[in-house]
Amino acid sequence: MTHVQEIIIVGGDGFCGWPTALHLSKLGHKITILDNMSRRDIDTQMGADSLTPIASMEDRQAAWKEKTGLTINFEKIDVAREYDRLTEIMAKLRPDTIIHFGEQRAAPYSMKGVSEKRYTVDNNISGTHNLLAASVALDLDVHFVHLGTMGVYGYDDDGIEIPEGYLPVYIPGDNNKIYQRDILYPTNPGSVYHMTKSMDQLLFQFYAKNDRLRVTDLHQGIVWGTQTDETKLDERLINRFDYDGDYGTVLNRFLMQAVVGHPLTVHGTGGQTRAFIHIQDTVKCLALAVANPPVRDGKVAILNQMTETHTVRSLAKLVAETSGAEVANVDNPRNEAAENDLRVSNKTFISLGLKPVTLAEGLMEETQEIAGKYAYRCLHNMIPCVSTWTDNQRPGVVQIDGQQVA
């Protein structure tokens with residue numbers, strides 16, 4: 001039987017936060033979402049929207065109550081700016097677990113311009129630190145679960161398997177002795193967004209060491225898929241499907257391009273290897289993390305939350321074979337290695353019983369039931385990625401059958 005916990009989910013209106021809130025509620029936990037609804041505001045600013053229709057938070061809460069009899073509470077709050085109100089909420093609820101999704105999560109958006117860079121740093125770092133500082137100030141016996149990213153490791157192909165967080169190093173001393181130290185695996189962020197996740201790591205390391213706060217940092221791969229068992233219960237509960245050039249993951253972009261007859265735009269050679277995980281597995285991993293808090297040993301529990309790796313070109317080939325779409329190579333807007341390998345340890349979640357959904361198993365359902373069903377809502381001009389990493393880059397352009405395609 002699940003031990004019922006009081007859980008705060010920061011960023012619980014978002015792509016990963018919403019299905020996690022539903023899943024943990026279904027398991028019997030008491031859920032309160034804290035969110036400033038900024039993801040919806042960013043859509044409005046960009047003129048974009050989720051392919052799937054997203055109901056208001058009030059309608060989402062009502063639908064969940066109607067379908068399950070369960071209640072999810074909601075507080076609209078900016079945890080990066082409203083510290084006093086945040087402490088009031090935390091003091092009242094005294095949560096057993098805080099799950100932190102409340103960060104600007106898109107690498108392209110974080111590189112879009114100066115204002116987007118500043119917002120990403122201000123929001124992500126201040127929000128993370130406010131939650132940590134408030135937990136300590138209130139003397140909460142809380143387990144802090146953070147959704148990080150595989151991107152903190154970088155993609156420079158070091159040729160070794162990336163461990164789960166800590167790396168043993170051996171340092172020669174002046175007395176000819178060799179000293180061993182466990183250090184965080186060196187970060188190599190590829191965007192301002194990834195840089196904030198690297199900075200989060202240092203905040204967690206300090207609070208785990210200094211205040212014995214229990215912290216689990218989940219370094220997650222690219223999430224694919226839209227629906228979970230819970231979000232399928234009612235269209236008002238449906239999850240986001242972002243396909244635009246800033247927030248749409250590479251797979252969503254390919255699926256959307258295939259459905260609307262646009263070539264699959266592979267950046268550069270397509271040799272970039274990425275880690276992937278289905279959204280259903282994301283919520284299962286979060287539940288496993290909640291049920292298995294670390295001990296207070298002054299270290300952060302770092303788990304790699306991914307299930308498989310693919311190169312971008314192999315991903316495009318898989319989608320093309322499923323859909324019949326063409327594949328087109330365009331200039332890469334990112335400042336990254338053209339080719340890289342990626343080997344990642346995910347032993348912890350597998351040992352805890354995770355049985356992953358693979359791309360080969362779930363891709364057709366995603367194409368037909370989501371991208372195809374809601375294709376009429378697609379804004380074609382939002383599909384290409386136009387945010388670039390440096391001033392001398394420009395959006396990729398390619399010729400297909402004599403026609404220019406962005």
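**Ring contacts, sheet order and local backbone features**

The charged end of K299 lies over the ring of Y166, at 4.8 Å from the ring centre. The model in which this contact is found is a predicted one. A second contact of this kind involves R39, whose charged end sits over the ring of Y247, 3.6 Å from its centre.

Y247 also takes part in an aromatic pair. The search of the whole structure returned 4 aromatic pairs. In one of them, the ring centres of Y109 and Y247 are 5.6 Å apart and the planes meet at 45°; the pair is therefore tilted, given that tilted pairs are those with planes neither under 30 degrees nor over 60 degrees apart. The two residues are 138 residues apart and belong to distant parts of the chain: Y109 is in helix 5 (residues 107-110), whereas Y247 is in the loop between strand 10 (222-224) and helix 8 (250-260). Y109 has a relative accessible area of 6% and is buried. Y247 is likewise buried, with a relative accessibility of 3%. The ring of Y247 thus has a tyrosine as its aromatic partner and the charged end of R39 over it.

Another tilted pair is formed by F144 and F204, with 5.7 Å between the centres and 50° between the planes. This pair, too, links distant parts of the chain, with F144 in strand 5 (residues 143-149) and F204 in helix 7 (residues 192-211), a separation of 60 residues. Both phenylalanines are buried.

Strand 5 is also a member of an open sheet of 7 strands, which pair in parallel in the order 3-2-1-4-5-9-13. The edges are occupied by strand 3 and strand 13 (301-305); each has a single partner strand, so one side of each has no neighbour in the sheet. On average, and with direction ignored, neighbouring strands are turned by 20° against each other. Within the sheet, strand 1 and strand 4 run parallel and are joined by 4 bridges. In this pairing, I8 is opposite I98 of strand 4. Helix 9 packs on the sheet, where it touches strand 1, strand 4, strand 5, strand 9 (214-220) and strand 13. The direction of helix 9 makes about 150° with that of strand 5.

Helix 9 (279-291) is also among the elements against which the buried residues of helix 1 pack. The others are strand 1 (6-10), strand 2 (30-35), helix 3 (57-68), strand 3 (72-76) and strand 4 (97-100). Helix 1 is mostly covered, with 9 of its 10 residues buried. The buried residues are G17, W18, P19, T20, A21, L22, H23, L24 and S25. T20, located in helix 1 (residues 17-26), has a relative accessibility of 0% and therefore counts as buried, the limit for this class being under 20%. With residues up to four places away in sequence not counted, T20 touches I9, I99, F101, V283 and L286. Just after helix 1, G28 adopts a positive phi of about 110°.

Positive phi values also occur in residues other than glycine. One of these is D139, with phi near 55°. D139 is in the loop between helix 6 (114-137) and strand 5, and its relative accessibility of 65% places it among exposed residues. Another is N176, with phi near 65°. N176 lies in the loop between strand 7 (166-172) and strand 8 (178-184) and is exposed, at 74% relative accessibility.

A further parallel pairing joins strand 11 (residues 264-267) to strand 15 over 4 bridges. In this pairing, H267 stands opposite V330 of strand 15. The side chains alternate along strand 15 (residues 327-330). A328 and V330 point to one face and are buried, while V327 and N329 point to the other face and are not buried. V330 is thus both opposite H267 and on the buried face of strand 15.

Key: Residues numbered from 1 in each chain as written. Predicted model: local features only at pLDDT ≥ 70, side-chain atom pairs only at ≥ 80, totals over all residues. Heavy atoms only, no water. Phe/Tyr/Trp six-rings, centres within 6.5 Å; stacked < 30°, edge-to-face > 60°. Buried < 20%, exposed > 50% of the residue type's maximum accessible area, 1.4 Å probe, protein only. Lys NZ or Arg CZ within 6 Å of the ring centre and 35° of its normal. Contact = heavy atoms within 4.5 Å. Pairing = 2+ DSSP bridges. Axes fitted to C-alpha atoms, helices over the stretch in contact; angles between N-to-C directions.
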